[in-house]
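Work through the exercises below with the sequence and the 3D structure at hand. Each task is followed by a solution in steps.

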Amino acid sequence: MANTPSSTHAKILSAKVIVTCPGRNFVTLKIETDQGVYGLGDATLNGRELSVVSYLEDHVIPCLIGRDAHQIEDIWQYLYRGAYWRRGPVTMSAIAAVDMALWDIKGKIAGLPLYQLLGGACRTGVMVYGHANGTTIENTVEVAQSYQALGYKAIRLQCGVPGLSSTYGVSKDKMFYEPADADLPTENEWNTEAYMRVVPKLFKAAREALGDEVHLLHDVHHRLTPIEAGRLGRDLEPYRPFWMEDATPAENQESFKLIRQHTTTPLAVGEIFNTLWDCKDLISNQLIDYIRATVVHAGGITHLKRIASFADVYGVKTGCHGATDLSPVCMSAALHFDVSIPNFGIQEYMRHTELTDEVFPHNYSFKAGSLHIGEAPGLGVDIDEEKAAKYPYQRAYLPVNRLQDGTLFNW
Ligand code: KDG
Ligand code: MG
């Protein structure tokens, strides 16, 4: 099956990994073919970047040389099943990068934007949510108002917790937020009771200030037990949140049953999922409303399409992760995907810095609360290798969370 020459054959000649840090680290795979066309894929795994670089350089690229870039599904199966060691964030980010790059190549050879190859557009734009965060309820509501003034129809609200010196997901900058922040992991402290008191107050104030129409979202960042999450969801119900995200760690998919029993607040989960197997039970038992798996961490467009199709059968919509650690290459891929599937829900959009946008010129743009993908063939994103080379890798970590007595918190 592999390597069958045909009129549409595009032989992979070489591939390389580009690591750059224009303010934060990004890992990009570039695959070149004998058709004079190359493709790009995002392989960034926040805080563990170099493990994916090694996986690609030492174990994947040698297997790609000489293959037909058009055989996307076969190459996906070859890398997933052929490795014997299936799944996991490192493996699936590497496979995702190859998959994105191959779709990019196919689109460029066909002369079509990727979304056309995925079935064409199902909608005119992709509704996104922005991040409003502040140290206090008042700050957060003010920032949310500035997002509303920019035209956002959906806003995520996170505020500092009284009594805690810092809170994950709350940045000092109003428009940019960077979760990976130090050469060694920062240690944040946590107090569940104080957190559970402040969030409903934040939502009450935001609903009063922002009105009924705007969608309001919240990310718990896996900080609660299922019964605590059920309680928070119930306390938020009067303010009709769009979703409560990552309410509890999801290794045990059954724990969502307990949350569901106690609240009608819609549930979103999945930014750290790598395959359909991480969410199969959550979806088929209708324990969630939005699946947040992303192109880069869930095996690329090929596998995310499979997850979305499965979710569609159960009335679960997508809400792809879109934090700054997902590069503009991933964001472009996500937008082609979002615009082409029937069960799209919402897309996260944390703006990249100007420096990142310079290194990754792209053709998507924000207008009236939505992102719009352009008509360039393939993904519609590039990497300026000269600029990328100016910003070498800098080790950076996501913070660690401890309860105030020092317990390393992860129930
Ligand atoms: O790399 C981790 C971040 O992307 C993540 O913490 C951000 O939770 C996040 C979100 O929903 O954007
Ligand atoms: Mg999140």
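**Exercise 1**

Does Arg-240 count as buried, partly exposed or exposed, and at what relative accessibility? Find its salt-bridge partner and place both residues along the chain.

Solution. The model is a predicted one.
Step 1. Arg-240 has a relative accessibility of 43%. Buried means under 20% and exposed means over 50%, so Arg-240 counts as partly exposed.
Step 2. The salt-bridge partner of Arg-240 is Asp-212, with 3.1 Å between the closest N and O atoms.
Step 3. Arg-240 sits in the loop between α7 (226-236) and β8 (243-245), and Asp-212 in the loop between α6 (192-210) and β7 (215-219). The two residues are 28 residues apart, and the pair links distant parts of the chain.
Step 4. Asp-212 has 60% relative accessibility and counts as exposed.

**Exercise 2**

Which residue forms a salt bridge with Glu-187? Which parts of the chain does the pair tie together?

Solution.
Step 1. The partner of Glu-187 is Arg-402, and their closest N and O atoms are 2.4 Å apart. A salt bridge requires such atoms to be within 4 Å, so the pair qualifies.
Step 2. Glu-187 belongs to strand β6 (residues 187-190) and Arg-402 to strand β15 (residues 400-403), so the salt bridge ties together parts that are 215 residues apart in sequence.
Step 3. Glu-187 is partly exposed, at 48% relative accessibility. Arg-402, at 28%, is partly exposed too.
Step 4. By the same rule, the count for the model comes to 16 salt bridges.

**Exercise 3**

Are Arg-292 and Glu-348 buried or exposed? Which residues join them in one network of salt bridges?

Solution.
Step 1. Arg-292 and Glu-348 form a salt bridge in which the closest N and O atoms are 3.0 Å apart.
Step 2. Arg-292 is in the loop between β10 (290-291) and α10 (300-313), while Glu-348 is in strand β12 (residues 344-348), so parts 56 residues apart in sequence are tied together.
Step 3. Both Arg-292 and Glu-348 are buried.
Step 4. Through shared partners, salt bridges join Glu-245, Glu-271, Arg-292 and Glu-348 into one network.

**Exercise 4**

Which protein residues are donors of the magnesium ion (ligand 2)? How are they spaced in sequence?

Solution.
Step 1. The protein donors are Asp-219 (OD), Glu-245 (OE) and Glu-271 (OE), at 2.0 to 2.1 Å from the magnesium ion.
Step 2. The spacing of the donor residues is D-x25-E-x25-E.
Step 3. Asp-219 lies in strand β7 and Glu-271 in the loop between β9 (267-269) and α9 (280-284), so this pair ties together parts that are 52 residues apart in sequence.
Step 4. Asp-219 counts as buried at 2% relative accessibility, and Glu-271 counts as buried at 14%.

**Exercise 5**

How many residues surround ligand 1? Which polar side-chain atoms lie at what distance from its oxygen atoms?

Solution.
Step 1. Ligand 1 is surrounded by 15 residues, the closest being Asn-46, Tyr-168, Glu-271, Asp-325 and Glu-348.
Step 2. A polar side-chain atom of Asp-325 is 2.7 Å from an oxygen atom of ligand 1.
Step 3. For Glu-271 the corresponding distance is 2.8 Å.
Step 4. In the side chain of Asp-219, an N or O atom is 3.0 Å from an oxygen atom of ligand 1.
Step 5. Asp-219 and Glu-271 are also among the donors of the magnesium ion (ligand 2).

**Exercise 6**

How many residues of helix α11 are buried? What does His-336 contact?

Solution.
Step 1. Helix α11 (residues 328-340) has 13 residues and spans 18 Å from its first C-alpha to its last, close to the expected 18 Å.
Step 2. In α11, 13 of its 13 residues are buried.
Step 3. His-336 lies in this helix and is buried, with a relative accessible area of 1%.
Step 4. Apart from neighbours within four places in sequence, the contacts of His-336 include Pro-113, Leu-114, Tyr-115 and Ile-373.
Step 5. Gly-378 is another contact of His-336, and the His-336 side chain reaches the backbone oxygen of Gly-378 at 3.4 Å.

Definitions and conventions. Residues numbered from 1 in each chain as written. Chains lettered and ligands numbered in written order. Predicted model: local features only at pLDDT ≥ 70, side-chain atom pairs only at ≥ 80, totals over all residues. Heavy atoms only, no water. Salt bridge = Lys/Arg side-chain N within 4 Å of Asp/Glu carboxyl O. Helix = DSSP H or I, 4+ residues; strand = E, 2+ residues; numbered from the N terminus. Buried < 20%, exposed > 50% of the residue type's maximum accessible area, 1.4 Å probe, protein only. Donors = N, O, S within 2.8 Å, 3.2 Å for Na, K, Ca; no water. Expected span 1.5 Å × (residues − 1). Polar contact = N/O pair within 3.5 Å; in protein donor to acceptor, adjacent residues only side chain to side chain. Contact = heavy atoms within 4.5 Å. Near = heavy atom within 4 Å.
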